[in-house]
Structures are given as structure tokens and as C-alpha cells.
Amino acid sequence: MSIRFLGVLAAMPVWVLGSVLLSALQLGLVVYNAGRIAVDLCFFWLAGVLRRVVMWVNSPWSFGSHRRRMEALERSLYAARTREEWTAAATLIDKAEGAEGWRSEVESSDYDYRLVEQMLRSLKEARLAGDTHELMFLLGSALHRRFGSIDRSCLYHRARAGTKRLVERFVDECVLAINAVAQAPTGAHSAISPTKGGPADGSGTRAPDPGPGSPTNSAASAAAAPSHLSASDKLEFFEGARLAMGRTALCLSGGGALAMYHMGVVRALIQADAMPRIVSGTSGGAIVAGMLAIRTDKEMVDDVIASDIADRYGVTWFDPIPTQVATFAASLLTSDRPHTMRSERFAATCKRYFGAYTFGEAFRRTGRVVSIVITVRYGDGGASHPFLANYLTCPTVFIWSAVAASCALPGLMPAANLAGMSARTAGGDALGPLDGVPFHPRGVHALDGSMQSDIPGEALARLFHVNRFVTSQVRLWLTLDIQYRAHRLARLRLLPRFFGADVSGIFTQRYRGHVTISPRMSLLDQFKALSHPSRQDMERYISEGELATWPRLAHIATTA
């Protein structure tokens, strides 16, 4: 038998033999990486079980008062319901672990403490002396996210309650200096010193430095400097500072119903006065982003972020699982694109939550810059690319239609279309005010945004000068080795198409930001991703979202 098989191989043309060997190699790679992914999932589940077993065994049998006290503090930390409770527990843990002493120590190789200390002293002296021009000059150097390496992540992982106290004092002094410049008296003419901020005589050239012994470099220069700034001087300073610093965006990842964890993240950021003005949302995260687009911070905290928000309007985001299975079975017989949910029903839910707001109207109401990420595909199986729907790119598009399109994952829902308001629909014709007209031409489809760009860093940088990203991430598989192995298969073009769609982009994109917030999740939580959240689920999602955000607030407040 083996001789006959070798004879068949010998009779094959070289190109056929090479193709067979290549296919066998590809199949081997797929099986190997799929097996490793399965092993990773099993070990992740097993680690969670063992962690709970160890905590259960140790709790009544802990030896030593210190260990019992630390376990009690850890439990109080995760049982906290307010930021104040969490901070109190975190501070006690820091003291017990020696991290409180680390925070008070100035010297460290993790950052340039000499530079930070010197700039802090100079800013304070200029502010107390009322020398606005010196403040503007110093802030030109200090207002940089990486000044003195204070953005290094190691500075925010040693202690739970904060970072180095010198860094915190430096940031506070920068805020005081900025407020001092903003509140400085405004005169009719420019008062920028030729040696500090450019020419005061309009010549267009900077005056030469008179040297260290001259009056302008002495303490008398502050008294001799003009006391007023013109409004144009202030405007030019703050515009330049904003461009130099860049802007921060909050990116809400996809994740189905698990995206409701973002609600807790948003509430924690708003209550800490750390909520970025620029927000993006993808897939399930687009639901929370859409609410942020039409609601103010106060409305979000007082009304929207509550356990009844998923049931408030008498509609649901997801059908019961048996209904989804029945819908999928029926679509197998009637469509070449099977799906578990009806897009019309999901769109009706979006209309109920977001009403007739367009991106332009929402921006004028709240001033918040919200982008909803969509994957635009040309034809069936054609080229695709990410598209950010916001008040600049499509101001007349309904927010409900963008949310519905961003959630249209192949296999979950059919492709959707953006709906916009035109002169015809604005007049209230037969189409109805919430139906609108297609935004894209015929043949262009909108799909789940996470297929191409869950975190749209490049597009946000191009449109809004964003260079700092705070990411709320609820995709559990990113914490495992799954993305790495799927990425390898995607680069070799070995991933199969998912219900006719190319899903390789899901595994080749970047999902983390400069600050990444990830709530505690178990493997069993993933089975709730396609289930409508109950009130108990919403309470847990909000609580866990806050618990995951509080430890990151120091990093966000300092560098973002």
C-alpha cells in the first residue's frame, strides 16, 4: 500500500505535489493554533476557579493578623460602592504594602524628578509674583504630556491610590498657572515681552538676548514688564498650548451586551471630572456613545446610568436566545446571509432610545464630539474601510441609524444603511421623520465597526488632533493569547470568511490605548454578550465598570 502511494506521488506533476504539501502545511498551522487557543481558554477558566478556591480556603484559615488584615482590606476594596470608599481602602493597602512611602519619595529613576521639581518651583514663583509673561514662557515647556517622563506607566502601577506626590503637585501647579494666565487682566494692546513671547513692536523678529547681566534677565524684569495682556495674546497662547498638548479621546469598544460595562466607566469619569470631550463607540460601545452624544454629563449621571435603562422604554436590544436560534434557522432557508436578529427590530429599539437626533443637532445640544465607527463595504464581498460618523463627516445622519449600522455584525444582523435627514424628510413627507433617506449610494453597505477599527486612533488623530487614548475595553480574549495566534493565521490568509465577510481585520488591529480600562470578567460572562441585560446585570456592569476605572484615574488626570 505504501509503495502504491509513493508511486502515485511520483506520478504527480511538481506543481500539484507542491500544492498538496502547502495545503497540508496550512491545515497543520490552523489546527495547531486553534488547539492552542482552546488550551488558553481552558487554562483561563481553570485559573479563575483555582483563584476562587484559594480565596475560599484561606479566608477562615489565614495565619497571622497582617495577612487577615490585608485580605479584609482587599475585600473592602472590591466591595466599595463610591470612589471615596475605594480611595480609603486603597490608601490603607498602600500604607500596609509600603507604597505610601514610595509616593512620598522624590528621587526615582522612573522619571526626571530634578526637572519636574525645578519646573514646579519656577511656576510657583512666577505665579506668586504675578508675572504672567514668565508663566506663559514656562508653560510653553511644561505643557507636554511626556515632560520629565511623568507619563511612564510604571509610575501608576506601584501604588493604588495615586502616583508620586511630586508629580501630583506639579500637575496641580500647572493648573493653577493656566488659571492665572486666563484670569490675568486684559488690556487693549499686546504686552508680550520681546524676550519672552515674541516681538512687541510688530517687527516680526525676536529681540536679541541682552545677556545674563542685563536687567531683563534679573528679578527686576518682572516689575518692569507690562501688567496686561491683550485678548489676542491670550487666544494665541491657549491655541498654541492646545495644539502642543493634543487632545484626549475616550474609546468604547464593542462587546455586545457586555458593552454596558462602559456605563460604569463613564459615570466614574464624569464624577471625577475627567471625562474627555471626544468619544468614539464601536458596535455595542456605539450604544453608550450614542447616549453620550445626546445627553449632558448631568443627565448621564442623574438619569441615564441606572439599572433600569435597558428596560425603560419597553423595548429590548436582544431577542431571547430561543428566538435568535429560530430566526437563524429561518434565515438559513431564505437568505444566503443567515442572521440571528432582525435588523428592523433592532433599528426600532435604536429609534426609541435616540429619537430623531442627528449628529449635528446632538453636537449643538451637548458640545460633545461623538464618533460612531462603521465598516463601509462596497458591494457584496467588495473592498471595505472604517468610517467615522460624527458632526463633521455626516451632520445630517440620524444617530440611531449609525448605532444600528455599527452593531450589524455578519451572522448577527444583515448589513445596514445610514439614514440621513434631507429637505424632503425634514418637511415630514410619507417616509416619516425617523426613516430618512439613505446616506450612501446604492450598493454601499454598513457593517459592524469593530471588523476594521474597534479603536479608531488614526481617524481621530486626523479629524480632531487626538494623540492620547483612554480605552474602555471589554473583549476578554484580548487578555489571552488568542489575538496573537489569530493574527498569525490572518497574516497567512488562513482565516475563513465569516458569513461571507472577511473578519481578519478583527485580529490585526490594535485594541489598547495609552490608558486601558478593563473590568473583571469571567469566561461565563461571554455567554451573556448576546443576551438582553437584566436589572441585576446592569447593576453589576455599572459597579464593575466603576471599580475598573477608579485605579486608572490618577494616570488619566496626570497625562490624559
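A residue counts as buried when its relative accessible area is under 20% and as exposed when that area is over 50%, with partly exposed in between. By that rule E173, at 6% relative accessibility, is a buried residue. The structure described here is a predicted model, and the charged residue E173 makes a convenient starting point for a tour of its contacts.

Side chains of opposite charge can pair when their charged atoms come close. In this model the count of salt bridges comes to 16. One of them joins E173 to R127, where the closest N and O atoms are 2.6 Å apart. E173 belongs to helix α8 (residues 165-183) and R127 to helix α6 (residues 113-129), so this pair ties together parts of the chain that are 46 residues apart in sequence. The two partners differ in their surroundings: E173 is buried, whereas R127 has a relative accessible area of 24% and is therefore partly exposed.

A second salt bridge brings together the side chains of D151 and R146, with an N to O distance of 3.6 Å. Here, too, the accessibility of the two partners can be set side by side. D151 is buried, at 15% relative accessibility, while R146 reaches 55% and so counts as exposed.

The salt bridge between D302 and K298 offers another setting, with its closest N and O atoms 2.7 Å apart. Both residues sit in helix α13 (residues 297-304), and because they are 4 residues apart, about one helical turn separates them. D302 and K298 are both exposed. Elsewhere, salt bridges link E100, R103, R165 and E168 into a network.

Attention now turns to the aromatic residues, which form 12 pairs in the structure. In one of these, the ring centres of F363 and Y391 are 3.9 Å apart and the ring planes meet at 5°, so the pair is stacked; the cut-off for stacking is an angle under 30 degrees. This contact links distant parts of the chain, as F363 lies in helix α16 (residues 359-366) and Y391 lies 28 residues away in the loop between β6 (384-389) and α17 (399-406). Both rings belong to partly exposed residues: the relative accessible area of F363 is 22%, and that of Y391 is 24%.

The pair formed by F387 and F439 has another geometry. Its ring centres are 6.4 Å apart and its planes stand at 35°, so the pair is tilted. F387 is part of strand β6, and F439 is found in the loop between β8 (437-438) and β9 (444-448), so the contact ties together parts 52 residues apart in sequence. F387 is buried at 16% relative accessibility, while F439, with a relative accessible area of 34%, is partly exposed.

Aromatic residues also gather in a group: Y313, W317, F346, Y353 and F354 form one cluster. A charged residue meets a ring as well, since K351 lies over the face of W400, at 4.7 Å from the ring centre.

Strand β3 (residues 247-252) gives a view of the strands and their neighbours. This strand is mostly covered, with 6 of its 6 residues buried. R247, A249 and C251 point one way from β3, T248, L250 and L252 point the other way, and all of them are buried.

Two strands pair with β3 in the parallel sense. Strand β10 (residues 466-472) does so over 6 bridges, and strand β4 (residues 278-282) over 4 bridges. L250 makes a handy landmark here, as this residue stands opposite V470 in β10 and opposite V279 in β4. From β3 the chain crosses through helix α11 (residues 261-271) to β4, and this β-α-β crossover is right-handed.

Two loop residues complete the picture through their backbone angles. S283 has a phi near 55°, a positive value in a residue other than glycine. The place of S283 is the loop between β4 and α12 (284-294), and its relative accessibility of 10% makes S283 buried. H465 likewise has a positive phi, near 60°, and is a residue other than glycine. H465 lies in the loop between α19 (457-464) and β10; with a relative accessibility of 37%, H465 counts as partly exposed.

Definitions and conventions. Residues numbered from 1 in each chain as written. Predicted model: local features only at pLDDT ≥ 70, side-chain atom pairs only at ≥ 80, totals over all residues. Heavy atoms only, no water. Phe/Tyr/Trp six-rings, centres within 6.5 Å; stacked < 30°, edge-to-face > 60°. Buried < 20%, exposed > 50% of the residue type's maximum accessible area, 1.4 Å probe, protein only. Lys NZ or Arg CZ within 6 Å of the ring centre and 35° of its normal. Pairing = 2+ DSSP bridges. Right-handed = clockwise from strand over helix to strand, strands pointing away. Salt bridge = Lys/Arg side-chain N within 4 Å of Asp/Glu carboxyl O.
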